[in-house]
Amino acid sequence: MSAPPTHAFTHRNLPRLLLQAREAVMQHTRPSLREHGLSDQQWRVLRVLGEHARDPAGIETGRIAREAFLLGPSLTGVLARMERDGLISRERCSQDARRTVVRATPAGLKLVRKLSATIEAHYQWLEQRLTKARLAELYDLLDEVIALEGGVDEPLNEENE
């Protein structure tokens, strides 16, 4: 008895390739994160807060979840650990007490600045290897794929974090 024929895929597994590319890039970043006691998820939150550090009102948790690609239950735990470690502060939104806003503390922002230098150095290395034009093309292609697929409003599944 022979095995049933399998469906032959024409294209490579794009989601897997994107995950592999992410892991390859993160391989250079993770040692610096771990050196400072941060998980990937904590770094994503800090990066979002660092990008919005000039917003005096803080950032609502829903926005952080979307921009850091974290599901609500995961974000709750991540924020609790970060607050315990003095990296963020949380408070109720002054306009709507049902919502919570988050800010990076001075210690959190200092860590963002410190890690940003390391991460930017890796991007410079990547730019030198790929060339500035090809890296810009990669960014453009990724932006185009995201736009074609309708954007991404939902955080990653837990198994993809």
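Arg90 has a relative accessibility of 32%, which puts this residue in the partly exposed class. Keep in mind as you look around that this is a predicted model. The side chain of Arg90 meets that of Glu83 in a salt bridge, with 2.8 Å from N to O. Glu83 is partly exposed too, at a relative accessible area of 33%.

That pair is part of a bigger tally: searching the whole structure turns up 11 salt bridges. Let's walk through a couple of others.

Take Glu67 and Arg63 next. Their closest N and O atoms are 2.7 Å apart, and the two residues form a salt bridge. Why are these two separated by about one helical turn? Because they are four residues apart in helix H3, which covers residues 61–68. As for solvent, Glu67 is partly exposed with a relative accessible area of 32%, and Arg63 is partly exposed as well, at 33%.

Now go to Asp40, which pairs up with Arg34 in a salt bridge whose closest N and O atoms lie 3.2 Å apart. Are the two partners buried or exposed? Asp40 is buried, with just 6% relative accessible area, whereas Arg34 is partly exposed at 44%. The cut-off behind that split is simple: a residue counts as buried when its relative accessible area is under 20%, so Asp40 qualifies and Arg34 doesn't. This pair doesn't stand alone, either. Arg34 and Asp40 belong to a network of salt bridges that also links Arg22, Glu23 and Arg30.

Asp40 also takes you to a helix, since H2 runs over residues 40–51. Follow H2 along and you'll come to its meeting with helix H4, residues 72–84. How do the two axes cross? They come within 10 Å of each other, at an angle of roughly 80°. H2 and H4 are therefore roughly perpendicular; the range for that label is 65 to 115 degrees.

Which residues make the contact? On the H2 side you'll find Gln41, Gln42, Val45 and Leu46, and H4 brings in Leu75, Val78, Leu79, Arg81 and Met82. Sorted by class, the contact of H2 with H4 has six nonpolar residues, two polar ones and one charged one. If you want to pick them out on the model, the polar class takes in Gln41 and Gln42 and the charged one is Arg81. Val45 and Leu46 of H2 are among the nonpolar residues, as are Leu75, Val78, Leu79 and Met82 of H4.

Definitions and conventions:
Residues numbered from 1 in each chain as written. Predicted model: local features only at pLDDT ≥ 70, side-chain atom pairs only at ≥ 80, totals over all residues. Heavy atoms only, no water. Salt bridge = Lys/Arg side-chain N within 4 Å of Asp/Glu carboxyl O. Buried < 20%, exposed > 50% of the residue type's maximum accessible area, 1.4 Å probe, protein only. Axes fitted to C-alpha atoms, helices over the stretch in contact; angles between N-to-C directions. Parallel < 35°, antiparallel > 145°, perpendicular 65-115°, else oblique. Contact = heavy atoms within 4.5 Å.
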